[in-house]
Each structure stands twice: as C-alpha cells, then as structure tokens.
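Biologist: Please take one part of this model and look at it closely. Then place that part within the rest of the chain.

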Amino acid sequence: MKISKNLLCLPLTLVTLLFGTLLLPLQADAQTAARPKLRMYLFDNGQINGLEASVFNFKKEEVKSTDFVVVSELIVHPTKGILLWESGSVPDAKLPADGSPYHEGVTTVTKSLASQLKAIGYSYKDIKYFAMSHLHSDHSGNANSLAHARWIVQKADRDMMFAGKEQRVMDAGLFSELKHADTLILNNEDYDVFGDGSVRIISAPGHTPGHQVLLVNLASGPILLAGDLYHLPEEITTGRTPTFEFDPATSAVSRAKIQALVKTTGAKMWIGHDKATHAALNFSPKFYE
Ligand SMILES: [Zn+2]
C-alpha cells in the first residue's frame, strides 16, 4: 500500500482515527473467522456387499440395494477433546501392509482407521472419548485400540458385551480391552458429551438393547448420526426391522423419538450404512464444521 506524503503530514491522532475506523471491522471479521469451530471428519471403514434383502425382511425387488458402507466419525471439539464415534468393522492389524484390500466374508476394507487418523495429524492416543452406536462387530472393529479413552456406553449393551454369551453379529474379542476402560455407563439416558450441548448421545434402543445415536451440532447445522436405527432407507416408510433386531417394538418407539428430534432440530440424518447418503458426502481429510 502506498502512503502519500500528504498523509504522513497529518497529525498522528488523525491517521490513527482514519485507519483505526477502517481497520476495526476487518479485525472483528478476522477474529470471528479464526475462532475454532466444532469439526467432524468422516472415515471410510469399508463396504459390506451382497447381503440378502431377506435378512432385512424385504423382497429383493422391494429395495434399491443392500450394498452397505461402513463409516466412523471423528468429532474434534475446539477446547474439550476428541470423540471417536464407531470404530470400523475390522481391526487395523488385519489389513495387508501393502495397502491392498482386505476381504473377510461380505466385508472389504481398504483403509485402516489409524492411517486415516494419521493423515489428519492424529493417532488413537489423541482420542479422549469413544462411543459406538452399538455392540455389533461392524462397529467395534478397532474398539480395543480405544481402551485408553473414556468409553461412553449404555448399560444394556455393556451388560450383553461382557455376559460371556455368544450373540449374533457380535465378536467379543474385538472389544475385550474395553472391560477395564474408564467407562461412563448410561441407563437408557441421553448424554451431553462436552457439557456445552455441542454433541449429544441419544438413547435409541431396539436394534440392540443399548443402541444409541449421536446429534452433532455443527455451526453449519445439526447432523444426526443414526447408527443402525435403520439399515435401508426403505425401513423408514415401511417400519420394517432386520431379522436380527433385538426388540422390534422398542425400535419402533426409538425411531419415532429420533424422527421427532430430527424434525424439531432440523438435523440431517446419516444412516450409518447407507451407501447413497455417503456417496454424496465428503470423506476425511475434508471435514464438516
Ligand atoms: Zn452395523
């Protein structure tokens, strides 16, 4: 910027006044922009392909697709720590070192959770809080890597996890390390994770006895991470639940509760496994604020 000689001749107070007035709004804008916001990263934890529609109580012709994605979300609070929601379907250690895809049954995983954390400057150790929508194996793949974090879980799910009984879609070996984690046990309760209303765990039992969802209040608008409240979008209109639903009647109550919440908050709902929803989203290292 060129400063004219005439301007230099002006009394200092006048110069300050002139420029001070001009600069004030700019500084205010800069401060607003620099203020850190709640940030959410979306991770790719693989795909589940080729499931029969009948597993979800549908005929093949009634659904668009039964190809699923597996995802997790990292929620970074500007001052109060980091929450990991879900942990993938396969432990990182099982993935080939050369980066080639790992196949196990109907599941394919290409990227480890650790590598996706690393790409944005984090490691498992940086995660202060850990929660899953529920105990199933396609959500607890790397749960044992989070045993250092504060684990937030509904009592009914935790009881089932450590009851020593086999359960469908559960692999107790994936979360054994959580047994002695610093644990916050909720009893069909909602919970304000950071204490400022920015991220709320909402109890939504039925799919499992302690299933829960997450409401993330980003500056750009609220997002409801629905876990497995639904698998297929067709479940929303038909009210059907999968054959492996723990308690369909309770699921119906939870679905009504969460739909009402979505309506009152205006939240966008991300169904955890819905491929179409996630095809339109930005995965890490991009993020939502
Ligand atoms: Zn699932």
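Modeller: Two strands pair if DSSP finds at least two bridges between them. Strands (E, at least two residues) and helices (H or I, at least four) are DSSP runs, numbered from the N terminus. This is a predicted model, where local features need pLDDT of at least 70, side-chain atom pairs need 80 or more, and totals for chains, interfaces and linings use all residues. Numbering starts at 1 along each chain as its sequence is written, and side-chain values use heavy atoms, without hydrogens or water.

I choose strand S1. S1 covers residues 39-48. Seven of its 10 residues are buried (under 20% relative accessible area; exposed is over 50%, partly exposed in between; 1.4 Å probe, protein chains only). S1 is therefore largely enclosed by the rest of the structure.

Take its partners next. S1 pairs with S2 through eight bridges, in the antiparallel sense. Met 40 of S1 has Ile 75 as its bridge partner in S2. S1 also pairs with strand S5, residues 107-109. Two bridges make that link, and it too is antiparallel. There, Ile 48 stands opposite Thr 107 of S5.

Now the sheet that holds S1. Eight strands make up this open sheet, and their order is S4-S5-S1-S2-S3-S6-S7-S8. The pairing is mixed. Its edges are strand S4 (102-104) and strand S8 (183-186). Each edge strand has a single partner, so one side of each lacks a neighbour in the sheet. Further along the order, strand S3 (residues 81-85) runs parallel to S6. Three bridges join S3 and S6. Trp 85 is matched by Ala 131 in S6.

Follow the order on to S8. Leu 184 lies in S8. Leu 184 counts as buried, at 17% relative accessibility. Its C-alpha atom is 4.8 Å from that of Ile 152, a residue 32 places away along the chain. Contact here means heavy atoms within 4.5 Å. Outside its neighbours within four places in sequence, Leu 184 is in contact with Arg 150, Trp 151, Ile 152, Val 153 and Tyr 191.

Back to S1, and the loop that follows it. That loop leads to strand S2 (68-77), and Thr 66 sits in it. Thr 66 is buried, with a relative accessible area of 11%. Not counting residues up to four places away in sequence, Thr 66 touches Ile 48, Leu 51, Ala 53 and Leu 232. Asn 57 is in the loop between S1 and S2 as well. Asn 57 is partly exposed, at 40%. Its phi is positive, about 65°, although Asn 57 is not a glycine.

Most residues other than glycine have a negative phi, and most peptide bonds are trans. Glu 86, in the loop between S3 and S4, also has a positive phi, near 75°. Glu 86 is buried, at 4% relative accessible area. As for the peptide bonds, the one from Ser 284 to Pro 285 is cis, with omega near 15°. Pro 285 belongs to the segment after helix H7 (275-279).

There is a second open sheet. Five strands form it, ordered S9-S10-S11-S12-S13 with mixed pairing. Strand S9 (191-192) and strand S13 (268-270) are its edges. Each has a single partner, so one side of each is left without a neighbour in the sheet. Within this sheet, strand S10 (residues 199-203) and strand S11 (residues 212-218) run antiparallel, joined by five bridges. Ile 202 faces Val 213 in S11.

Next, the zinc ion. Its protein donors are Asp 138 (OD), His 139 (NE2), Asp 228 (OD) and His 273 (NE2), at 2.1 Å. Donors are N, O and S atoms within 2.8 Å of the metal (3.2 Å for Na, K and Ca); water is absent, so sites may look incomplete. The sequence spacing of the donor residues is D-H-x88-D-x44-H. His 139 and Asp 228 are 89 residues apart and link distant parts of the chain. His 139 is in the loop between strand S6 (129-131) and strand S7 (150-154), while Asp 228 is in the loop between strand S12 (221-225) and helix H5 (234-238). Both residues are buried.

Last, the whole protein. It has seven helices and 13 strands. Of its 289 residues, 46% count as buried. Among contacts between residues at least 6 apart in sequence, 67% join residues at least 24 apart.
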